[in-house]
Amino acid sequence: MVEDMFNKKIAAAIRTEEDFSTAIKSGVDVVFLLHSNIMTIGRSIEEIHAANKKVFIHLDFAEGVGKDKAGIDFISKQNADGILTTRTNIVRLAKDANLITVQRFFLVDSHSLNTSVESIRISKPDIIELMPGIVTKKIREFSQIVHMPIIAGGIIETEDEVREALDAGANLVSTGEKSLWSLNL
């Protein structure tokens, strides 16, 4: 199922209701809910699935949902396809719940690169997301080290930046820039 995520090269990273509506109508196959809450998450997942899209919940920002086994079990019972998180312990719990796991890493210096690689070895996520996504040099470096699908996300605002991330080795680009959601790459 992880491979199915990469048929199209753009994922919609959404934070607002307006973004939600636009993403549902867009050509993306994957939607990242960056802001959700326990009261609306089930309906949101249903609507996204009804539009034939996969949905990932950013668990770190899901209001009212515990960042623990019970919270992950709740997300799984809502039929989410997977989760996004920066937390190693959540990745392990989500894998136990048979959710696809995306672990986000913020690369700001060489130390963050080294600690990210160590976290990957411990948590063994299905996919990693490197942020900001315009760091193509590090995307190329990671793709040679970790040998798993990579999502480039964060601060990607132009078609050229999308292409640069993909050319560097990213499998998917996550962006909140609505004008890029309809790119056919």
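I began with handedness: a crossing is left-handed if the near helix is turned anticlockwise from the far one by less than a right angle, and right-handed if clockwise. The model I am reading is a predicted one, and I applied this convention to helix 5 and helix 6, whose crossing is right-handed. The contact there is made by L113, S116, V117 and I120 of helix 5 together with K138, E141, F142 and I145 of helix 6. For the geometry of this pair I noted an angle of about 35° and axes that lie 12 Å apart.

**Entry: the other helix pairs**

I turned next to helix 4, residues 88–96, and found that its axis and that of helix 5 come within 9 Å and cross at roughly 25°. Angles under 35 degrees count as roughly parallel, and helix 4 and helix 5 are therefore roughly parallel to each other. Their crossing is right-handed, and in the contact T88, V91, R92 and K95 of helix 4 meet S119, I122 and S123 of helix 5.

For helix 6, residues 136–145, and helix 7, I noted axes that come within 8 Å and a crossing at roughly 25°, so this pair, too, I entered as roughly parallel. The crossing of helix 6 and helix 7 is right-handed. On the helix 6 side I listed T136, I139, R140 and S143, which meet E164, A165, D167 and A168 on the helix 7 side.

**Entry: two residues within these helices**

I looked up T136, which is placed in helix 6, and asked which residues T136 touches, not counting those up to four places away in sequence. I found E164, A165 and A168. With a relative accessible area of 21%, T136 is partly exposed. I also checked T136 against H111, which is 25 residues apart from T136 in sequence, and noted 17 Å from C-alpha to C-alpha.

S116 has its place in helix 5, and I entered S116 as buried because its relative accessibility is 4%. Beyond the residues up to four places away in sequence, S116 touches F105, L107 and F142.

**Entry: the nonpolar cores**

In soluble globular proteins, nonpolar side chains tend to be buried together. Here I found that the largest nonpolar core has 46 residues, and that those with the most contacts inside this core are I14, I57, I75, I128, L130, I139 and F142. Helix 7, residues 159–168, gives the most to this core, with four residues. Apart from this core lies another, of 15 residues, which includes V2, I100, V102 and I127.

I then followed I57 and, leaving out residues up to four places away in sequence, listed its contacts as L33, S36, I41, I45, A62, I75, A80, G82, I83 and L84.

**Entry: the aromatic pair**

I searched for paired rings and found that the structure holds one aromatic pair. The ring centres of F32 and F56 are 5.7 Å apart and the ring planes stand at 90°, so I recorded the pair as edge-to-face. The pair links distant parts of the chain, since F32 lies in strand 2 (residues 30–33) and F56 in strand 4 (residues 54–58), 24 residues apart. I noted that F32 and F56 are buried.

**Entry: the loop between helix 5 and strand 8**

Which residues of this loop did I look up, and are they buried or exposed? One is P125, in the loop between helix 5 (110–123) and strand 8 (127–131), and at 4% relative accessibility P125 counts as buried. Setting aside residues up to four places away in sequence, P125 touches V91, K95, T101, Q103, I120 and M148. I also recorded that the C-alpha atoms of P125 and K95 are separated by 7.8 Å, with their positions 30 residues apart along the chain.

K124 is placed in the loop between helix 5 and strand 8 as well, but at 53% relative accessibility K124 counts as exposed. I noted for K124 a positive phi of about 50°, although K124 is not a glycine.

**Entry: further backbone geometry**

I155 also has a positive phi, of about 60°, without being a glycine. I located I155 in the loop between strand 9 (150–153) and helix 7, and entered I155 as exposed because its relative accessibility is 53%.

Last, I checked the peptide bond from M131 to P132, which is cis, with omega near -5°. P132 is found in the loop between strand 8 and helix 6.

Definitions and conventions: Residues are numbered from 1 along each chain as its sequence is written. This is a predicted model: local features need pLDDT of at least 70, side-chain atom pairs count only at pLDDT 80 or more; totals for chains, interfaces and linings use all residues. Side-chain values use heavy atoms; hydrogens and water are left out. A nonpolar core is a set of buried Ala, Val, Leu, Ile, Met, Phe, Trp, Tyr and Cys residues joined through side-chain atoms within 4.5 Å. Buried means under 20% relative accessible area, exposed over 50%, partly exposed in between (1.4 Å probe, protein chains only). Contact means heavy atoms within 4.5 Å. Rings of Phe, Tyr and Trp (its six-membered ring) pair if their centres lie within 6.5 Å; planes under 30 degrees apart count as stacked, over 60 as edge-to-face and the rest as tilted. Axes are lines fitted to C-alpha atoms, for helices over the stretch in contact, and angles run from 0 to 180 degrees between N-to-C directions. Angles under 35 degrees count as roughly parallel, over 145 as roughly antiparallel, 65 to 115 as roughly perpendicular and the rest as oblique.
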